[in-house]
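Let's take a walk through this protein, starting with the overall fold and ending out on the surface. Keep the structure open beside you as you read.

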Amino acid sequence: QIRLQGEDLEGLREEALKIVNILENVEGLRDIDPGFGRESREIKVTVDKDLAIQSGLTVGQVLGTIASFLAGPSSIGNVRIDGYTYALYVYEEGDEKRVSVPSIEDIENLVIGVHPITQQPISVSDIASVVIQPGFSSITRINASRTLTISAEFEIGYNATLVAAEVDEALEAYTLPSGYDMEILGENEEIM
C-alpha cells in the first residue's frame with residue numbers, strides 16, 4: 001500500500017495514476033488499485049471571480065445559490081399510509097415542484113442575480129463554466145489532508161522482500177510535486 005496525500009483532487013488522481021504506471025512495471029505485483037474506488041460523476045462549477053465581481057456577486061454567493069438549487073426541496077417528515085411510507089414536502093404557492101435532477105443546462109440557466117448597472121438578470125453561464133467530470137466515490141482525510149491509498153498484491157511464488165525492494169527502487173526516482181506526500185505502508189512497511 002502507498003498512502004498519497006494532497007489537497008487537489010484532480011492532482012491526487014493524476015499522481016495516483018502515475019504511481020500505478022510505475023508499479024505496473026514491477027514484476028511480482030498484481031491487482032494494482034489506484035485507490036479512488038468506483039468512479040463517480042460530479043458537477044464542477046468554475047466561477048470567473050472578475051466577472052462575478054463586475055456583476056456585483058461574490059464567488060460564495062454564486063456557489064451558495066447553485067448549492068441551494070441542487071439541494072432541492074427538503075422533506076419535513078414521513079407519513080405511513082396503508083403500509084407505504086411517503087415523504088412530506090411543504091411548498092409555498094407558486095413554488096415549482098422539481099421531481100428530477102437538474103441538467104447542466106438547468107444549472108447554466110439558473111438566474112443568480114441582477115446586474116447592478118444594466119438591471120439584466122445574470123445566469124450562471126454568464127460568469128461560470130459548468131461541466132461534468134469524473135469524481136471519487138470516496139475520499140478520506142488523514143491529518144486534515146485528502147488521502148488515497150494505492151494498493152497492490154504480491155503475485156504467488158514471488159519473494160515479498162525482493163518485490164518490496166523493487167517497489168522502493170522504482171519509486172525512488174519518482175518525485176511528487178509540491179504539496180503532495182507519499183508513504184509506503186502494508187506488508188512492504190512491515191518487511192522494511
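What follows is a short tour of the fold, two surface patches and a few single residues.

A word on ground rules first. This is a predicted model, where local features need pLDDT of at least 70 and side-chain atom pairs count only at pLDDT 80 or more, while totals for chains, interfaces and linings use all residues. Residues are numbered from 1 along each chain as its sequence is written, and side-chain values use heavy atoms, with hydrogens and water left out.

The protein has seven helices and eleven strands; these are DSSP runs numbered from the N terminus, helices being H or I with at least four residues and strands E with at least two. Of its 192 residues, 28% are buried. Here buried means under 20% relative accessible area, exposed means over 50%, and partly exposed is in between (1.4 Å probe, protein chains only). As for contacts (heavy atoms within 4.5 Å), take those with a separation of 6 or more: 69% of them come from residues 24 or more positions apart. The exposed area of the protein is about 12,600 Å², and carbon and sulfur atoms supply 49% of that. Accessible areas come from the Shrake-Rupley method with a 1.4 Å probe, and for residues only the protein chains shown count as cover.

For a look at the inside, try Ser55, which sits in the loop between α2 (49-54) and α3 (59-71). Is Ser55 buried or exposed? Its relative accessibility is 9%, so Ser55 counts as buried. Leaving out residues up to four places away in sequence, Ser55 touches Val114, His115, Pro116, Ile122 and Ile127.

Now to the surface. Ile76, Val79, Ile81, Tyr84, Tyr86, Leu88 and Val90 make a nonpolar patch of about 690 Å². Patch residues have over 30% relative accessible area and no salt bridge; like charges are joined within 9 Å, and nonpolar side chains (Val, Leu, Ile, Met, Phe, Trp, Tyr) within 5 Å. A salt bridge, in turn, is a side-chain nitrogen of Lys or Arg within 4 Å of a carboxyl oxygen of Asp or Glu. Strands β4 (77-81) and β5 (84-88) each supply at least two residues of this patch, and β5 gives the most, with three.

Two patch members lie in loops. Ile76 is in the loop between α3 and β4, and Val90 is in the one between β5 and α4 (104-108). Ile76 counts as exposed because its relative accessibility is 61%; Val90 is exposed too, at 59%. They are 14 residues apart in sequence, yet their C-alpha atoms are 7.3 Å apart in space. Setting aside neighbours within four places in sequence, Ile76 is in contact with Leu88 and Val90.

Stop at the loop between β4 and β5, where you'll find Asp82. Its phi is near 50°, a positive value in a residue other than glycine, and Asp82 is exposed, with a relative accessible area of 75%. Asp31 also has a phi near 50°, but its place is in strand β2 (residues 29-33). At 53% relative accessible area, Asp31 is exposed.

Finally, there's a negative surface patch formed by Glu27, Glu155, Glu166, Glu169 and Glu172. Asp and Glu count as negative and Lys and Arg as positive, with His and the chain ends not counted. Each charge is placed at NZ of Lys, CZ of Arg, CG of Asp or CD of Glu. Within this patch, Glu155 is in the loop between β10 (145-154) and α6 (160-172). Glu155 is partly exposed, because its relative accessible area is 31%.
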